[in-house]
Amino acid sequence: MTIRQKLRLSILLLVVAFVVSTSTIAYTFHSVSQAMAYMAAVNYTIRLVFELSFLGYEYQTYREERAVVQWQSIHRQLGQHLATLAVDTAVPEDDALLQRMHAAHALLSTLFAKLTAQEAETEAVRLIGQNLLLRSNMLVADAHQLAVVSNRTVTTWMHILLGILLGSLGPLLGACVFIGMAHRRLLRSLAALHEGAAALGQGHLTRQLHVTGHDEFADLAGTLNAMAEQLHTDIMQRQHAQAQLQQYAQELTRSNADLEQFAYVASHDLQEPLRAVVGFLHLLQQNYQGRFEARADEFIRHAVEGATRMRTLINDLLEYSRVSTRGGAFTPTDCPSVVQQVLANLKVAIEESGAVVTHDSLPTVLADATQLLQVFQNLLSNALKFRGDQPPAIHIGVEPHDGAWRFAIRDNGIGIEPQYAARVFEIFQRLHTRREYPGTGIGLALCKKIVERHGGRIWVESELGKGAMFAFTLPDRR
């Protein structure tokens, strides 16, 4: 049974018990009141009968006219009162007594009339007087019997009223006991739920809430137990996944460190033998050029160029591996000063190309100043290198965007096809031959790694023949 059903049943029991008890008590009390009123009327009848009997005796003794008038008045009142009692009676015994009293009342009127019609005291008058007194005494006896019957009726109704009062206590007590048990059940269920919820709130997800019964509290306890079990399972799975993820992250960090260490060691250790190879090739080219056939000189030239390019690639790889391992601390860096240094470094290239470089009001950012200079220098160098027929027009813009500074270097160069927008940031990836444009393809990959180390991102927006816009973001850590 649910709590709502229990409450409804408790209220229904109380209402039914109250209505039945109240109605029964009211009806019984009304009956008792009627019986009491009837008994009072009977007592009044007895008083009238006594007065009538006394006035009859008084008249027989003193023969006064006053007694006649009073006797007739009392006789008339007694008749009216007996008629009223006949209407109110509901007991057969009362009805028989009242009929007999009506007959005696009528006979008394006849006898008293005969008595008052005789003036002289004769034997006949004396017999009429005795008969009148006898009938009066019989009327008194009947009145007393009527009083006994009415008193018994009142007593019966009083017993019925007492029984109803005692009987009505049963349903009321039953309803109270039922409500008390339901209240105790509610308190115990609430205490169990409170204790279990507190345990669940403290993280004891394996603890079960024990609430017996088949009501809402039991359903709620079952729901909380299922929820705690599911939550415990999810947490265990998440902890397992987090442990695996942490293990993968550690392995990835170790792998990246190993790769960076390998790149550094490889590039560093290759420097010495490569330097020796390049040196001997230069000596061979200087000392024996022209002594062999033309194809030998060409082979020597290709070997020198390949060794030189190999040394350049190794140096670039070494620089790329040092972005994370040899990077400097982040300090407040004045971007206008950085850009001015870049323009000074690229002064010759700018003058030869006739380039015009402009920039917005640049902010101060928290960055590695040396690496930020590398980013600007590589991007500006590319804008100067990959120029079109017109003199380069380069603009450095900046604006705040979503809690970061967004830098954009725009040019009017040859542009890039959109499908190569991601490829240009890969290490040693080139879109042109070395004869068309020199370089190893490390510059944009280096910019990407530096920007990501600073917590930003870099991308390009361009169309072939319409210039390019290289943008990157740096977090605004003010």
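**Helix packing and an aromatic cluster in the predicted fold**

The protein chain contains 10 helices and seven strands. The model is a predicted one, and everything below should be read that way. Of the 478 residues in the protein chain, 33% are buried. As for how the chain folds back on itself, take the contacts between residues at least 6 apart in sequence: 71% of these join residues at least 24 apart.

Helix 9 is a handy place to start, with helix 7 as its partner. The axes of helix 7 (residues 335-345) and helix 9 (residues 369-385) come within 9 Å, crossing at roughly 50 degrees. That angle falls outside the ranges for roughly parallel and roughly perpendicular, so helix 7 and helix 9 are oblique to each other. Their crossing is right-handed. On the helix 7 side, the contact is built from Cys-335, Val-338, Val-339, Gln-341, Val-342, Leu-343 and Asn-345, while helix 9 brings in Leu-372, Leu-373, Phe-376, Gln-377 and Leu-380. Sorted by class, that makes nine nonpolar and three polar residues, with no charged residues in this contact.

Helix 9 also packs against helix 10 (residues 443-453). Here the axes again come within 9 Å, but the crossing angle is roughly 145 degrees, and the crossing is left-handed. Helix 9 takes part through Gln-371, Gln-374, Val-375, Asn-378, Leu-379 and Asn-382; helix 10 answers with Gly-443, Leu-444, Leu-446, Cys-447, Ile-450, Val-451 and Arg-453. The make-up of this contact is seven nonpolar, five polar and one charged residues.

Within helix 10, the buried residues are Leu-444, Ala-445, Leu-446, Cys-447, Lys-449, Ile-450 and Val-451. Among them, Leu-444, Leu-446, Cys-447, Ile-450 and Val-451 also turn up in the contact with helix 9. An α-helix has 3.6 residues a turn, so residues three or four places apart point the same way. Leu-444, Cys-447 and Val-451 are spaced like that, and each is on the list of contact residues. Just past the end of helix 10, Gly-455 adopts a positive phi of about 85 degrees.

Back on helix 9, Phe-376 does double duty. Besides its place in the contact with helix 7, Phe-376 belongs to a cluster with Phe-407 and Phe-472, held together by ring pairs. The count of aromatic pairs comes to four. In one of them, the rings of Phe-376 and Phe-407 sit with their centres 5.8 Å apart and their planes at 85 degrees; planes over 60 degrees apart count as edge-to-face, so this pair is edge-to-face. The two partners come from distant parts of the chain, Phe-376 from helix 9 and Phe-407 from strand 5 (residues 404-410), with their positions 31 residues apart in sequence.

Phe-407 then pairs with Phe-472 in another way: the two rings are stacked, 5.1 Å centre to centre and with 15 degrees between the planes. Because Phe-407 lies in strand 5 and Phe-472 in strand 7 (residues 468-475), the pair ties together parts that are 65 residues apart in sequence. The three rings belong to buried residues: relative accessible area is 1% for Phe-376 and 0% for Phe-407, and Phe-472 also comes in at 0%.

The loops leading into strand 4 and strand 5 hold two more residues of interest. Pro-392 sits in the loop between helix 9 and strand 4. With 2% relative accessibility, where under 20% is the cut-off, Pro-392 counts as buried. Leaving aside residues up to four places away in sequence, Pro-392 touches Ser-353, Gly-354, Ala-355, Val-356, Leu-384, Arg-387 and Asn-412. One of these, Gly-354, is 38 residues away in sequence, yet its C-alpha lies 6.9 Å from that of Pro-392.

Asp-402 is found in the loop between strand 4 (393-401) and strand 5. Most residues other than glycine have a negative phi. Asp-402, though not a glycine, has a positive phi of about 55 degrees. Its relative accessible area is 73%, so Asp-402 is exposed.

Finally, toward the other end of the chain, Tyr-57 lies in helix 1 (residues 3-62). At 48% relative accessibility, Tyr-57 counts as partly exposed. Its C-alpha atom is separated by 9.7 Å from that of Ser-136, a residue 79 places apart from Tyr-57 along the chain.

How values were computed
Residues are numbered from 1 along each chain as its sequence is written. This is a predicted model: local features need pLDDT of at least 70, side-chain atom pairs count only at pLDDT 80 or more; totals for chains, interfaces and linings use all residues. Side-chain values use heavy atoms; hydrogens and water are left out. Axes are lines fitted to C-alpha atoms, for helices over the stretch in contact, and angles run from 0 to 180 degrees between N-to-C directions. Helices (H or I, at least four residues) and strands (E, at least two) are DSSP runs, numbered from the N terminus. Angles under 35 degrees count as roughly parallel, over 145 as roughly antiparallel, 65 to 115 as roughly perpendicular and the rest as oblique. A crossing is left-handed if the near helix is turned anticlockwise from the far one by less than a right angle, and right-handed if clockwise. Contact means heavy atoms within 4.5 Å. Ala, Val, Leu, Ile, Met, Phe, Trp, Tyr, Cys and Pro count as nonpolar, Asp, Glu, Lys and Arg as charged, and the others, Gly among them, as polar. Rings of Phe, Tyr and Trp (its six-membered ring) pair if their centres lie within 6.5 Å; planes under 30 degrees apart count as stacked, over 60 as edge-to-face and the rest as tilted. Buried means under 20% relative accessible area, exposed over 50%, partly exposed in between (1.4 Å probe, protein chains only).
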